[in-house]
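Below is a colleague's note on one structure, set out as numbered points. Please read it with the model open.

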Amino acid sequence: MQRYTQALLQPWADSARKLGLKDIAFTDHDRYHAGIDFGEIDRLRERNPDLRIRAGIELDNDPVHSAAGREWIEKHWDKLDFVLGSVHFLNRDDQMFDTVPAGAVQFEHQNIDAIYADYFDRVREMAGTGLVDCLAHLDLIKIHGHFPTAGIATLINETLEFIRAQDLAIELSTAGWRKPVNELYPSDAIIKLAIEKEIPFTTASDAHSHVQLGENFPSLAQKIVDLGIRQICILGKHKRAALPLQL
Ligand SMILES: [Zn+2]
């Protein structure tokens, strides 16, 4: 946990400028909410008037910390531009399944289809909290390279329907390209299903350091072209705006 200061935040603004990103968002994990200082984000905005800087947070299903995270989000809802919802925990309370490489043990000798079904149950639970605007890394469950034998459409359809009904967005996150699975989150197949259901997309790099900001965005842009995505969305004060793409 690190407290937000200008020394901590300014390198992110510098990285954004260097990459030509004009609009970025901080989305710390909710377990680190004690470090977030909206006054420091405001100061960063003042010091970097050429950038649009959004305040977000990622709420997950941490069995220990997320109850406090939910409370914090409710209290600071009006200061937040958006909340990401995610699932990092399956049956083990003491280890995120997406820890690399340790979390892969949670998949050993398991029925992968059942793990996927359990994971998507938890995603729907998160989507139904009423506290999230967008789902982060929707198919994180593939992180270690485990794929179901059942078709992904069968496994995820109910979840996509629910996301649509709740009027939530989903991320196109380049983070998957730096993980063992080496794929965008979510997969092309899931993106195609989401397009059919008119679920809106955001773009994300899930950078855990300013060095990872906008990582693989040229590849993401190519993917957006290849899949025929015409617009992405931007969230401000929990309101969604469509941004048509000129590609
Ligand atoms: Zn996450």
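The points below take up the metal site, the backbone, the core, the aromatic pairs and the enclosed spaces of this predicted model.

1. Zinc site. Three protein donors surround the zinc ion: Glu58 through OE, His88 through NE2 and His137 through NE2. Their distances from the ion run from 2.1 to 2.3 Å. Along the chain the donors are spaced as E-x29-H-x48-H. Glutamate 58 belongs to strand β2 (residues 52–59), while histidine 88 sits in the loop between β3 (82–85) and α4, so this pair, 30 residues apart, links distant parts of the chain. Waters are not part of the model, so the site may look incomplete.

2. Burial of the donors. Are the donors buried or exposed? Glutamate 58 has a relative accessible area of 1%, under the 20% limit, and therefore counts as buried. Histidine 88, at 2%, is buried as well. Histidine 137 is also placed in the buried class, with a relative accessibility of 2%.

3. Backbone at histidine 137. This zinc donor lies in the loop between β4 (134–135) and α5 (152–165). Its phi is positive, about 25°, although histidine 137 is not a glycine. Most residues other than glycine have a negative phi, and most peptide bonds are trans. The backbone here deserves a look alongside the metal site.

4. Backbone at asparagine 182. A positive phi, near 55°, is also found at asparagine 182, again a residue other than glycine. Asparagine 182 is part of the loop between β5 and α6. With 48% relative accessibility, asparagine 182 is partly exposed, whereas histidine 137 is buried.

5. Cis peptide bonds. Valine 100 and proline 101 are joined by a cis peptide bond with omega of about 0°. Proline 101 is located in the loop between β3 and α4, and histidine 88 is in that loop too. A cis bond also joins tyrosine 185 and proline 186, where omega is about -10°. Proline 186 is in the loop between β5 (169–173) and α6, which also holds asparagine 182.

6. Nonpolar cores. The largest nonpolar core contains 62 residues, and Phe97, Tyr119, Leu135 and Leu138 have the most contacts inside it. Helix α4 (residues 112–127) contributes the most to this core, giving 8 residues. Separate from it is a second core of 7 residues, including Cys134, Ala136, Ala169 and Cys233. In soluble globular proteins, nonpolar side chains tend to be buried together.

7. Aromatic pairs. How many aromatic pairs does a search of the whole structure find? The count is 7. In one of them, phenylalanine 38 and tryptophan 72 are stacked, with 5.8 Å centre to centre and 15° between the planes. Phenylalanine 38 is in helix α2 and tryptophan 72 in helix α3 (residues 66–76), so the pair ties together parts that are 34 residues apart in sequence. Both phenylalanine 38 and tryptophan 72 are buried.

8. Aromatic cluster. The ring centres of tyrosine 119 and phenylalanine 120 are 5.2 Å apart and their planes meet at 65°, so this pair is edge-to-face. Tyrosine 119 and phenylalanine 120 are both buried. They belong to one aromatic cluster with Phe97, Phe107 and Tyr116. Phe97 and Tyr119 were listed above among the residues with the most contacts inside the largest core.

9. Cavity. The structure has 1 cavity of 30 Å³ or more, and its space is about 30 Å³. Its lining consists of Tyr4, Phe26, Ile36, Phe38, Ile41, Ala55, Gly56 and Leu80. The elements giving two or more residues to this lining are α2 (38–47) and β2. By class, the cavity lining has 7 nonpolar residues, 1 polar and no charged ones. Phe38 thus appears in the cavity lining and in the stacked pair.

10. Second largest pocket. This pocket holds about 230 Å³ of space. Residues lining it include Ala194, Glu198, Pro200, Phe201, Arg230 and Cys233. Two or more lining residues come from each of α6 (188–196) and β7 (231–236), and β7 has the largest share, with 3 residues. The lining divides into 8 nonpolar, 2 polar and 2 charged residues. Cys233 lines this pocket and is also part of the second core.

Conventions:
Residues are numbered from 1 along each chain as its sequence is written. This is a predicted model: local features need pLDDT of at least 70, side-chain atom pairs count only at pLDDT 80 or more; totals for chains, interfaces and linings use all residues. Side-chain values use heavy atoms; hydrogens and water are left out. A nonpolar core is a set of buried Ala, Val, Leu, Ile, Met, Phe, Trp, Tyr and Cys residues joined through side-chain atoms within 4.5 Å. Buried means under 20% relative accessible area, exposed over 50%, partly exposed in between (1.4 Å probe, protein chains only). Helices (H or I, at least four residues) and strands (E, at least two) are DSSP runs, numbered from the N terminus. On a 1 Å grid over the protein atoms alone, a cavity is a set of points where a 1.4 Å probe fits but cannot get out, and a pocket is an open set with protein on both sides within 12 Å along at least five of seven lines; lining residues have an atom within 4 Å of a point. Grid points are joined across faces, edges and corners, and a volume is the space filled by probe spheres set on the points. Ala, Val, Leu, Ile, Met, Phe, Trp, Tyr, Cys and Pro count as nonpolar, Asp, Glu, Lys and Arg as charged, and the others, Gly among them, as polar. Donors are N, O and S atoms within 2.8 Å of the metal (3.2 Å for Na, K and Ca); water is not among the atoms, so sites may look incomplete. Rings of Phe, Tyr and Trp (its six-membered ring) pair if their centres lie within 6.5 Å; planes under 30 degrees apart count as stacked, over 60 as edge-to-face and the rest as tilted.
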